[in-house]
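Visitor: I'd like a close look at one part of this protein, please. Could you pick a pair of packed elements and walk me through it?

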Amino acid sequence: FRIMAGKVKWVTDIEKSVLINNFEKRGWIQVAENEDWNFYWMSVQTIRNVFSVETGYRLSDDQIVNHFPNHYELTRKDLMVKNIKRYRKELEKEGSPLAEKDENGKYIYLDFVPVTFMLPADYNLFVEEFRKNPSSTWIMKPCGKAQGKGIFLINKLSQIKKWSRDSKTSSFVSQASKEAYVISLYINNPLLIGGKKFDLRLYVLVSTYRPLRCYMYKLGFCRFCTVKYTPSTSELDNMFVHLTNVAIQKHGDDYNHIHGGKWTVSNLRLYLESTRGREVTNKLFDEIHWIIVQSLKAVAPVMNNDKHCFECYGYDIIIDDKLKPWLIEVNASPSLTSSTANDRILKYNLINDTLNIAVPNGEIPDCKWNKSPPKEVLGNYEVLYDEEMAQSDGTERDLRGRPGQTTGVKGSRARDSGKPVLTTWK
């Protein structure tokens with residue numbers, strides 16, 4: 001792909017072939033590789049250059065790109081948490097019932113991100129929280145890295161003092177790179193299947209933030225660790241026990257290259273329905289959808305909603321043993337690399353369905369269209385939230401004051417299991 005002076009850097013040949021095949025089908029690929037094309041599949045670094053004030057480059061109406069200019073408001077770990085905290089405080093000020101708290105001061109409906117602090121800025125606050133429960137385990141992650149790089153677990157303050165210039169101040173410096181970190185309370189009671197920890201990788205497509213319109217991809221998957229989980233402090237350094245990233249697990253002795261340590265979401269549903277019941281399982285997925293929509297609403301006011309942009313995010317969700325879902329992070333460039341045959345099929349279809357929504361019928365892109373594609377082109381996507389539709393039919397307005405009287409994901413009455421199911425956005 002030629003974008004101004006440089007070419008897009010493909011991560012793997014597989015990613016290149018999958019995209020090229022999809023583009024050829026639409027007639028977007030031209031014979032000469034040095035010619036410009038209307039559709040640009042850009043890296044997050046290229047997006048910054050295109051929308052930079054210094055470059056002075058402006059996209060034309062027949063050019064669309066696959067990232068929002070400041071997507072990092074959602075996809076950087078520290079900014080995601082900051083925006084969600086701000087969103088909760090704003091709802092509190094408005095007196096929204098969604099910001100209701102319990103007797104311990106915890107959010108009842110918006111408690112879906114583990115307790116998190118930014119380092120160095122929040123070092124003293126973290127120490128104060130740590131001392132309330134000194135037996136807790138915390139996970140440290142560099143704000144701007146992916147694939148499990150630079151992540152480690154701690155359960156003693158002494159373990160991070162070497163990262164701090166002065167533990168009496170809020171100074172905190174990573175010896176290696178001096179970059180910012182987030183430190184989050186570790187979910188030490190994850191739901192286990194076969195004794196192993198796993199998380200969910202779900203794909204969410206956002207076509208516009210104002211009004212917010214997003215789609216959930218039905219074919220997400222679970223990523224399993226290769227080693228059985230143990231909360232033992234002696235295994236804190238064993239990343240094969242704690243981190244589900246394929247980039248890490250594929251180096252383990254027990255990694256299976258045939259199934260890649262992955263389960264489809266539909267298999268997870270079947271497993272949970274058979275072990276926990278259909279009602280509980282449906283409630284869990286309702287809550288996952290609720291978390292995704294609320295995270296998007298949290299960043300919508302600050303997102304640069306450029307008309308040329310759309311984005312497919314990779315959401316990472318962990319489920320604990322009480323079947324409570326937690327949002328761990330959101331990826332701007334979820335891997336399109338195939339680790340198994342099923343993976344290749346899934347990701348080929350993901351790209352195909354994404355392009356069908358971004359540019360219906362394979363026509364010449366037009367950033368001025370209303371970004372509301374017909375139902376028949378959605379493929380494996382389903383509408384997760386449509387702000388215009390919600391406002392026009394009065395659903396949100398009607399439900400704002402009645403968080404317990406909600407509607408399910410498919411528009412049916414939510415199941416009552418003693419606790420409000422918060423799919424009030426549908």
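Guide: Happily; here is a look at one helix pair, followed by its setting. The model is predicted, so to speak of local features a pLDDT of at least 70 is needed, side-chain atom pairs count only at pLDDT 80 or more, and totals for chains, interfaces and linings use all residues. Residues are numbered from 1 along each chain as its sequence is written, and side-chain values use heavy atoms, leaving out hydrogens and water.

Our pair is helix 9 (residues 265–275) and helix 10 (residues 278–299), whose axes lie 8 Å apart at an angle of about 140 degrees. Helices here are DSSP runs of H or I with at least four residues, numbered from the N terminus. Axes are lines fitted to C-alpha atoms over the stretch in contact, with angles from 0 to 180 degrees between N-to-C directions. The two helices are therefore oblique to each other, a label for angles that are not under 35, over 145 or 65 to 115 degrees.

Where they touch (heavy atoms within 4.5 Å), helix 9 offers Val265, Leu268, Arg269, Leu272 and Glu273, while helix 10 offers Arg278, Thr281, Asn282, Leu284 and Phe285.

Now for the wider setting. The largest nonpolar core has 61 residues, and Leu74, Tyr209, Leu296, Tyr313, Tyr315 and Leu327 touch the most other members. Such a core joins buried Ala, Val, Leu, Ile, Met, Phe, Trp, Tyr and Cys residues through side-chain atoms within 4.5 Å; buried means under 20% relative accessible area with a 1.4 Å probe, protein chains only. Helix 10 gives the most to this core, with 10 residues. Of the protein's 426 residues, 54% count as buried.

Note on methods: Buried means under 20% relative accessible area, exposed over 50%, partly exposed in between (1.4 Å probe, protein chains only).
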